[in-house]
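Visitor: Before we discuss any label, could you put the model in front of us, and then let me ask what lies behind each word?

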Amino acid sequence: MARLFKVVRWRRCWQVLFFLWTLLVGVLFTLWAFAHLRGQTPAVNRPPGVEGFLPISALMSLRLWLAGEGVHPVHPAGLAILVGALLMSATVARSFCSHLCPVGAVSEWLGRLGRRLLGSTWELPRVLDWFLRSVKWLLLAFFLWAVLVAMDLAQVRSFLDSPYNRVADVKMLLFFAQPSRLTVAVVGVLVVGSVLVRDLWCRYFCPYGALVGLMGLLAPWKVVRDPKRCTNCKVCSKVCPARLPVHRLARVRSVECTGCQDCVASCPVEGCLRLAAARRRLRPAHGVLLAVGVYLAVTWGFRLAGHWRGVVSEEEYARRLREIHSPLYTHVGGMAPPEKEPAVRAPGPASSAFPARESSNLGLPPPGE
Ligand code: SF4
Ligand code: SF4
Ligand code: SF4
């Protein structure tokens with residue numbers, strides 16, 4: 001029991017810490033953006049960590065980076081977070097999902113709430129489970145095709161430099177701050193569904209999870225089972241959130257394994273299940289530290305190299321956010337329209353080219369954007 005508490009506590013501590021950090025980033029960013037949208041000077045700085053919620057932009061930056069073009073200067077923190085998530089998942093199998101992802105943490109908490117309220121969560125029939133699990137792979141395939149195949153490097157560069165991408169963080173905020181009925185309905189279904197079905201979003205729909213899952217296949221550190229010690233009690237398989245038959249596997253190689261070590265913590269036989277690479281075995285707590293350490297090393301590496309704060313200045317944000325609802329800041333078939341305005345303009349009233357829309361008392365556009 002003490003061992004279970006130790007392993008679970010280590011991982012959950014990081015989950016809670018990262019969730020609180022994300023919450024703080026979200027609050028600061030909201031205060032900052034709303035101040036700009038009201039035409040005021042923000043009392044707080046924009047936290048670059050918010051770029052972690054721009055995975056498509058980060059994927060495009062990654063493509064340029066891998067092509068040898070260096071770190072693109074718009075939203076570099078998004079790239080840092082993506083690389084950190086990929087590398088930690090390529091070290092301890094898919095560990096970003098179980099150790100740091102704030103959405104995964106909420107999903108896990110909702111599932112726990114469901115088990116507390118209902119006694120257990122639902123398991124979907126095998127065929128439906130298989131069918132739904134393919135959705136996240138289809139989404140990932142689409143995004144990879146769009147970024148790696150459909151666009152050449154010049155188009156990727158053009159998108160990253162586009163007016164839309166420069167304010168994509170604020171567009172994302174407005175999407176959730178003033179949601180359409182469809183958005184509310186979809187989020188509501190996912191929240192309630194996650195109470196009823198464990199990890200509904202993560203297991204079936206998240207393309208980011210699919211991507212880090214692929215990286216997890218490369219990970220040297222995976223859960224291994226010692227068949228000589230195993231009593232076949234199947235406790236490990238019962239607690240596995242990925243519903244893997246751990247009691248039958250010598251080494252867990254599945255793309256669905258999140259490296260959470262819940263199976264390790266629950267195994268009643270000391271040393272039967274462990275994180276291991278080749279012949280080296282890791283204590284559970286050390287596995288957690290290794291995974292989180294890789295992420296922190298990568299993101300701090302970017303910070304120290306000067307690739308954390310992007311080049312979009314406060315003045316540019318102030319100018320662009322005054323006309324955030326202009327067609328200049330919308331996607332057109334996945335691409336942003338070219339900028340016709342001069343790059344820098346003297347501060348003044350909102351652009352007459354894009355007349356101000358009817359505003360709410362927050363100085364924001366009407367809901368449903
Ligand atoms: S599947 Fe997606 S949302 Fe879930 S924990 Fe992984 S990255 Fe986060
Ligand atoms: S919990 Fe441990 S002993 Fe039981 S089946 Fe799994 S690996 Fe074997
Ligand atoms: S319980 Fe074990 S096998 Fe299942 S996801 Fe967690 S680490 Fe992987």
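Guide: What follows is a conversation about a predicted model, in which each label is set against the rule behind it.

Visitor: What does the secondary structure of the protein come to, and how much of the protein counts as buried?

Guide: The secondary structure comes to 16 helices and 3 strands, and of the 369 residues of the protein, 38% count as buried. Among contacts between residues at least 6 apart in sequence, 73% join residues at least 24 apart.

Visitor: Why is Leu174 called buried?

Guide: The cut-off for a buried residue is 20 or more other C-beta atoms within 10 Å of its own. Leu174 has 20 such atoms within 10 Å, and therefore counts as buried. Leu174 has its place in helix H9, residues 168–177, and its C-alpha atom is separated by 9.6 Å from that of Phe34, although the two residues are 140 apart along the chain.

Visitor: What makes Pro42 partly exposed?

Guide: Pro42 has 18 C-beta neighbours inside 10 Å, and a residue is partly exposed when its count falls between the exposed limit of 12 or fewer and the buried limit of 20 or more, so Pro42 belongs to the partly exposed class. Pro42 is found in the loop between helix H1 (2–37) and helix H2 (55–69). Residues up to four places away in sequence not being counted, Pro42 touches Leu31, Trp32, Ala35 and His36, and the C-alpha atoms of Pro42 and Leu31 are separated by 7.2 Å.

Visitor: What is said about phi in Asp199 and in Arg243, and which class of burial does each take?

Guide: Phi of Asp199 is near 55°, a positive value in a residue other than glycine, and Arg243, which is not a glycine either, has a positive phi of about 55°. For burial, Asp199 has 22 other C-beta atoms within 10 Å and is therefore buried, the limit being 20 or more, whereas Arg243 has 15 C-beta neighbours inside 10 Å and so counts as partly exposed. Asp199 lies in the loop between helix H10 (181–196) and H11, while Arg243 is found in the loop between helix H13 (235–239) and helix H14 (262–266).

Visitor: What makes a set of residues a nonpolar core, and how many residues has the largest one here?

Guide: The members must be buried residues of the nonpolar kinds listed for a core, joined through C-beta atoms within 7 Å. The largest such core has 77 residues, and those with the most contacts inside it are Leu82, Ala85, Val212 and Cys263. Helix H3 (residues 76–89) gives the largest share of this core, 9 residues. Val212, with neighbours within four places in sequence left aside, is in contact with Ala85, Leu86, Ser89, Arg94, Phe96 and Cys97.

Visitor: Which residues are around ligand 1, and how do they divide?

Guide: A residue belongs to this shell if its C-beta atom lies within 6 Å of the ligand, and the residues around ligand 1 include Cys97, Cys101, Cys202, Cys206 and Val212. Helix H5 (102–118), helix H11 (200–204) and helix H12 (207–218) are the elements that give two or more residues to this shell. The shell divides into 8 nonpolar, 3 polar and no charged residues.

Visitor: Which residues come nearest to ligand 3, and which are closest to ligand 2?

Guide: Around ligand 3 there are 14 residues, of which Cys240, Ala242, Cys257, Cys260 and Cys263 come nearest, and the shell divides into 10 nonpolar, 3 polar and 1 charged. Ligand 2 is surrounded by 14 residues, the closest being Cys230, Cys233, Cys236, His247 and Cys267, with a division into 9 nonpolar, 3 polar and 2 charged.

Visitor: How do you know that S1 and strand S2 pair, and why do S1 and S3 stand at the edges?

Guide: Pairing requires at least two bridges, and S1 and strand S2 (residues 273–277) have 4 bridges in the antiparallel sense, so they count as paired. Lys222 stands opposite Ala276 in S2, and Arg225 stands opposite Leu273 in S2. S2 and S3 pair in the antiparallel sense over 3 bridges. The open sheet of 3 strands has the order S1-S2-S3; strand S1 (222–225) and strand S3 (280–282) each have a single partner strand, so one side of each is left without a neighbour in the sheet. The twist averages 55° from one strand to the next.

Technical notes:
Residues numbered from 1 in each chain as written. Chains lettered and ligands numbered in written order. Predicted model: local features only at pLDDT ≥ 70, side-chain atom pairs only at ≥ 80, totals over all residues. Nonpolar A, V, L, I, M, F, W, Y, C, P; charged D, E, K, R; others polar. Contact = placed C-beta atoms within 7 Å. Axes fitted to C-alpha atoms, helices over the stretch in contact; angles between N-to-C directions.
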